[in-house]
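Trainee: Hi! Could you walk me through this one? I'm still new to reading structures.
Mentor: Sure, let's look together.
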2 protein chains.
Amino acid sequence: MNIGEASSASGVSAKMIRYYEQIGLIAPKGRTESNYRLYGPEEVHVLRFIKRARSLGFSLEETETLLKLWQDKSRTSAAVKEVATTHINDLERRIAEMQSMVKTLKHLSHCCGGDHRPDCPILDDLAGENVA
Amino acid sequence: MNIGEASSASGVSAKMIRYYEQIGLIAPKGRTESNYRLYGPEEVHVLRFIKRARSLGFSLEETETLLKLWQDKSRTSAAVKEVATTHINDLERRIAEMQSMVKTLKHLSHCCGGDHRPDCPILDDLAGENVA
DNA sequence: TGTAAGGCTTCCCATGATGGGAAGGTCAAG
DNA sequence: CTTGACCTTCCCATCATGGGAAGCCTTACA
């Protein structure tokens, strides 16, 4: 199967498949005489794996680690769990940061008239004027 | 004041001050004979404004909008509030996405032994095997 | 059989916000 | 007068993705 078919079978764009190949994540099974990349069901499976990992927020580097663990039959589930746990902690840290932003912004918005007048506690806060 | 002083007075790195200048966010008050950038308290105030906006998660583009509104004495607070509201919605959407990832990952982690054995529901999920 | 359409190749560029670092000019203190 | 700390511009890297050009290949149809 060509790259276009592998793309629609996996949901990963052809552009990305080539990029993943470039960074060593996945190689085509071979090439045709005319240099077209060739993929089999194995490769599509790997592409789906990558896509699922990305959709759970894993970086490509983490995804590579997970992929290697997947292919390593002598892995321990502890090793996998550690990658996941680290990622969960990272996500939770970022969520907390954003929630803090939202909290501040909602407070400022609540205090802002939102009318035709120029007075605005949001701008006052950004300008460092301790009004709100 | 030179860029170094403006940097420590505002908390924005010299590198970033130059970048913000490049994209048209802030210009130095002038230059010395030897081409050094010169800043006054006004400019430091603007830099602090930018920094605060960034810390609330606004993009540089949104920050530019807010900066223009700040400097426009005939702005309406409604215009400012709209920028903030859009940003809040964006943050909340991203928070929800990440929370969904965390939820899934926590479930998978919970089901994962985390021991010396290779069996791992996390990998099974990534591989598309509907085990967990 | 010729041609047109669409798929494939590689290569370069852009994003957003930030940092690293080199090469070279400037300033202030000793 | 030298040294070190500052400043200048310029280029490169990050992370994951997309856009697009130039050129080759394949397939389908007239």
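Mentor: A word to know before we start: a helix here is a DSSP run of H or I with at least four residues, numbered from the N terminus. Also keep in mind that this is a predicted model.
Trainee: Okay! What comes just after helix 3 of chain A?
Mentor: There you meet Gly57(A), which has a positive phi of about 90°.
Trainee: And how many residues does helix 3 of chain A have?
Mentor: It has 15 residues. From first C-alpha to last, helix 3 of chain A reaches 21 Å, close to the 21 Å expected at 1.5 Å a residue.
Trainee: Which residues in that helix are buried?
Mentor: Among them are Val44(A), Leu47(A), Phe49(A) and Ile50(A), and Glu43(A) is buried as well.
Trainee: What covers them?
Mentor: The cover includes helix 1, helix 2 and helix 4 of chain A, together with helix 6 of chain B.
Trainee: Let's switch to the two chains. How many residues does each put into the contact?
Mentor: Chain A gives 49 residues and chain B gives 49 residues. Between them they bury about 4,300 Å², with 70% of it on carbon and sulfur atoms.
Trainee: How many salt bridges cross the interface?
Mentor: The rule finds 4 between chain A and chain B. One pairs Lys106(A) with Glu92(B), where the closest N and O atoms are 2.8 Å apart.
Trainee: Which helix of chain A gives the most to the side that touches chain B?
Mentor: Helix 5 does, with 20 residues. That side of chain A divides into 24 nonpolar, 13 polar and 12 charged residues.

Definitions and conventions
Residues numbered from 1 in each chain as written. Chains lettered and ligands numbered in written order. Predicted model: local features only at pLDDT ≥ 70, side-chain atom pairs only at ≥ 80, totals over all residues. Heavy atoms only, no water. Contact = heavy atoms within 4.5 Å. Buried area = accessible area lost by both parts, 1.4 Å probe. Salt bridge = Lys/Arg side-chain N within 4 Å of Asp/Glu carboxyl O. Helix = DSSP H or I, 4+ residues; strand = E, 2+ residues; numbered from the N terminus. Nonpolar A, V, L, I, M, F, W, Y, C, P; charged D, E, K, R; others polar. Expected span 1.5 Å × (residues − 1). Buried < 20%, exposed > 50% of the residue type's maximum accessible area, 1.4 Å probe, protein only.
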